[in-house]
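Reader: I'd like to go through the aromatic pairs and the ligand site of this model with you. Can we take them one by one?

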Amino acid sequence: MTKAIYPGSFDPVTYGHLDIIKRSSSMFDEVIVGVLNNSAKHPLFSVEERVEMLIEATKEYNNVSVICFEGLLIDFMKQNDISVIVRGLRAITDFDYELQIAQSNRKVSKETIDTVFLTTSIDYAYLSSSIVREYASYGTDVSDFVPEFVAKKLENRFR
Ligand code: PNS
């Protein structure tokens, strides 16, 4: 039984994230969406709000759960018996950073964990949570980028 974690800030969840979650849920027995609780990052949405949005957005997948974590990802993985990290790659510009993290996580975990990269669907290649936040902050409709209920939450946050 392979448990995978899809970690990230998800501030907020986008259709790009949901595409990766959908695809990984059919590749692994169990997928845990790990929401980073990092107060130093000053997120737009609290970790509780981000978890809540992800639970709502992933409710159709019965092997997907959502949890928040603090500290090192590999420590959380060891404690929860998770051996695979899933990350989405949108473009070559993501690659340097992702490769570095994947290799250092492998080294620090003493080669017990692996990272699997899924290439983002072309439909969402340009999409990021920060782009969504930026448009929403100017009152732009972002319902092409995020589920309707997330777009509403953004609208309320910036009102
Ligand atoms: O969505 P993001 O912000 O690109 O996700 C980055 C994330 C959460 C995967 C990464 O920052 C992370 O794993 N942080 C936890 C702390 C950690 O393990 N650091 C060592 C590798 S950077």
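Reader: How many aromatic pairs does the structure hold?
Author: A quick word on the ground rules: this is a predicted model, where local features need pLDDT of at least 70, side-chain atom pairs need 80 or more, and totals for chains, interfaces and linings use all residues. Numbering runs from 1 along each chain as its sequence is written, and side-chain values use heavy atoms, leaving out hydrogens and water. Rings of Phe, Tyr and Trp (its six-membered ring) pair if their centres lie within 6.5 Å, with planes under 30 degrees apart called stacked, over 60 edge-to-face and the rest tilted. By that rule, the aromatic pairs number five.

Reader: Why is the pair of Tyr15 and Tyr124 tilted?
Author: The ring centres of Tyr15 and Tyr124 are 6.3 Å apart. Their planes meet at 35°, so this pair is tilted.

Reader: How many residues apart are Tyr15 and Tyr124?
Author: Helices (H or I, at least four residues) and strands (E, at least two) are DSSP runs, numbered from the N terminus. Tyr15 belongs to helix 1 (residues 15–25), while Tyr124 is in the loop between strand 5 (114–119) and helix 5 (129–137). The pair links distant parts of the chain, and the separation is 109 residues.

Reader: And Tyr135 with Phe145: which of the two is buried?
Author: Their rings have centres 6.3 Å apart and planes at 50°, so that pair is tilted too. Buried means under 20% relative accessible area, exposed over 50%, and partly exposed in between (1.4 Å probe, protein chains only). Tyr135 comes out partly exposed at 42%. At 15%, the buried one is Phe145.

Reader: Which residue joins Tyr135 and Phe145 in a cluster?
Author: Ring pairs build this cluster. Besides Tyr135 and Phe145, it takes in Tyr126.

Reader: On to the ligand: which side chain has an N or O atom 2.7 Å from a ligand oxygen?
Author: Among the residues surrounding the ligand (a heavy atom within 4 Å) are Ser9, Lys41, Phe69 and Arg87. For polar contacts with the ligand, the cut-off is a pair of N or O atoms within 3.5 Å. Lys41 has a side-chain N or O atom 3.1 Å from a ligand oxygen, and a polar side-chain atom of Arg87 is 3.1 Å from one. The 2.7 Å distance belongs to Ser9.

Reader: How much of the ligand's area does the protein bury?
Author: Areas come from the Shrake-Rupley method with a 1.4 Å probe. Taken alone, the ligand exposes 530 Å². Of that, the protein buries 72%.

Key. A polar contact is a pair of N or O atoms within 3.5 Å; within protein, one must be able to donate a hydrogen and the other to accept it, and residues adjacent in sequence count only if both atoms are side-chain atoms.
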